[in-house]
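Here is a short report on two parts of a protein model. One part is about paired strands, the other about packed helices.

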Amino acid sequence: MDARSSTFETLSKKIEARTARAGIIGLGYVGLPLAMAVARSGFAVIGFDIDPKKIVALDARRSYIDAVTNEALAAEIDAGRFSSTTDFALLSDCDVIVICVPTPLTKHRDPDLSFVEATSRSIAAHLRPGQLIVLESTTYPGTTDDIVKVILEGTGLKSGSDFFVGFSPEREDPGNQHYHTATIPKVVAGDGTQALSLMKSFYGAAVSTVVPVSSNATAEAVKLTENIFRSVNIALVNELKTVYAAMGIDVWEVIDAAKTKPFGFMPFYPGPGLGGHCIPIDPFYLTWKSREYELPTRFIELAGEINSAMPRHVVGKLAEALDIRAGKALSRSRVLVLGLAYKKNVADIRESPSLRLIEIIEERGGKADYHDPFVAEIPSTREYQALKGRKSVDLTPEAIAEYDAVLIATDHDMIDYAALSKSGKLIVDTRNVFSRLGLAADHVIKA
């Protein structure tokens, strides 16, 4: 048996026997649920993060991610299957290392791979033969092989013989009550047949279904395709919303009727803009990469333009409603934005259009507050530092009556919309929640 086969066989046997130790880098919305799923499958897991506050919370058995309960976290810690640290020197103890770090955009909408690159360098500093390195962060096709692999091979060790490299796109959906990490089918790929075999074995132990594809670039493209599909279709209904509104047609009624067709139609719904860690960002990774091939991505870029314009469109409808219904300029109005999270029933505010809505209202001279039962205070964000520290206001009838308008940005289920309708002077609904609940009224305007 040659050295290459020996390295592969040894790691393969460790994974099959669940004696391999896994390291998960980045203990956020992707990394922490993954760490729990891998630990529950029988592997010992070390979670790595640069934020010491997260480690303190985890050591105290406090989860800061909705998808992971305190009880689930405590169970894996007490069983000796999970621990967390800021000490990246412990990467040398790990047989499988999974990278779950952010891949945001720059101000010019170019990929920002600084977190991936820095993490890869940290792994390289502790790389040893017999390790499987996996990237889960969403990125453009070629990142795993052209950046992660290249950085790791800078150590003198070689992918496919000394260590192995793979890619598996994350598919987390915060707030989803039907699917979680272990039940969502997992696309996997590897740099070579042995790397793919290790990927199938490792993820097959932790999730119910593994979907292998032919290359890391293909797996990277799968993730982008999923989110581009959603972005383009959401942009389409956002555009239809404005066109149908001009014709006096309710786009939500149109969609609800269209979705009764049992084939050939899939419902998507308009909103105040895109939020979350995927759809507002991921499509631009492909538009950037396509420039290398001198190929335009017109649908993707147009969808981005339409969706990015929605917050300003919504504020325009708000200003119009205030003028016509209340005889008051937005610049002299107080507005309560209902919902700071980017989707209902979660605390996730990443890329939330609500932040942009508040910013635009105040750029136009208005005063904006917010209420969100899941977000007590606006944390530090990359783009909205000026909003940091603002607190959610109480949603009492007396407080609601103080505002000239309530703007529904996120339709959390736990809100009493009937009471809100009674107390609110003017309500601008971007989610059609009042019609859905049979609460349509003259002072409720759709936007």
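## Strands around β11

Strand β9 (residues 334–338) pairs with β11 in the parallel sense, over four bridges. This model is predicted. Within the pairing of β9 and β11, L336 has V406 of β11 as its bridge partner.

β11 also pairs with strand β12 (residues 427–429). That pairing is parallel too, and it runs over three bridges. Here L407 has V428 of β12 as its bridge partner.

The table sets out the two pairings.

| Strand pair | Sense | Bridges | Bridge partners |
|---|---|---|---|
| β9 and β11 | parallel | four | L336 and V406 |
| β11 and β12 | parallel | three | L407 and V428 |

Now the side chains of β11, which spans residues 405–408. A405 and L407 point one way. V406 and I408 point the other way. Are these residues buried or exposed? All are buried. In a regular strand, side chains alternate between the two faces of the sheet.

## Helices α8 and α10

Next come two helices. Helix α8 covers residues 216–246, and helix α10 covers residues 282–290. They pack at an angle of about 110°, with their axes 8 Å apart. An angle of 65 to 115 degrees counts as roughly perpendicular, so α8 and α10 are roughly perpendicular to each other. The crossing of α8 past α10 is left-handed.

Which residues make the contact? From α8 come K223, L224, N227, I228 and S231. From α10 come D282, P283, Y285 and L286. By type, the residues of this contact are five nonpolar, two polar and two charged.

Note on methods:
Residues numbered from 1 in each chain as written. Predicted model: local features only at pLDDT ≥ 70, side-chain atom pairs only at ≥ 80, totals over all residues. Heavy atoms only, no water. Axes fitted to C-alpha atoms, helices over the stretch in contact; angles between N-to-C directions. Parallel < 35°, antiparallel > 145°, perpendicular 65-115°, else oblique. Left-handed = near helix turned anticlockwise from the far one by under 90°. Contact = heavy atoms within 4.5 Å. Nonpolar A, V, L, I, M, F, W, Y, C, P; charged D, E, K, R; others polar. Buried < 20%, exposed > 50% of the residue type's maximum accessible area, 1.4 Å probe, protein only. Pairing = 2+ DSSP bridges.
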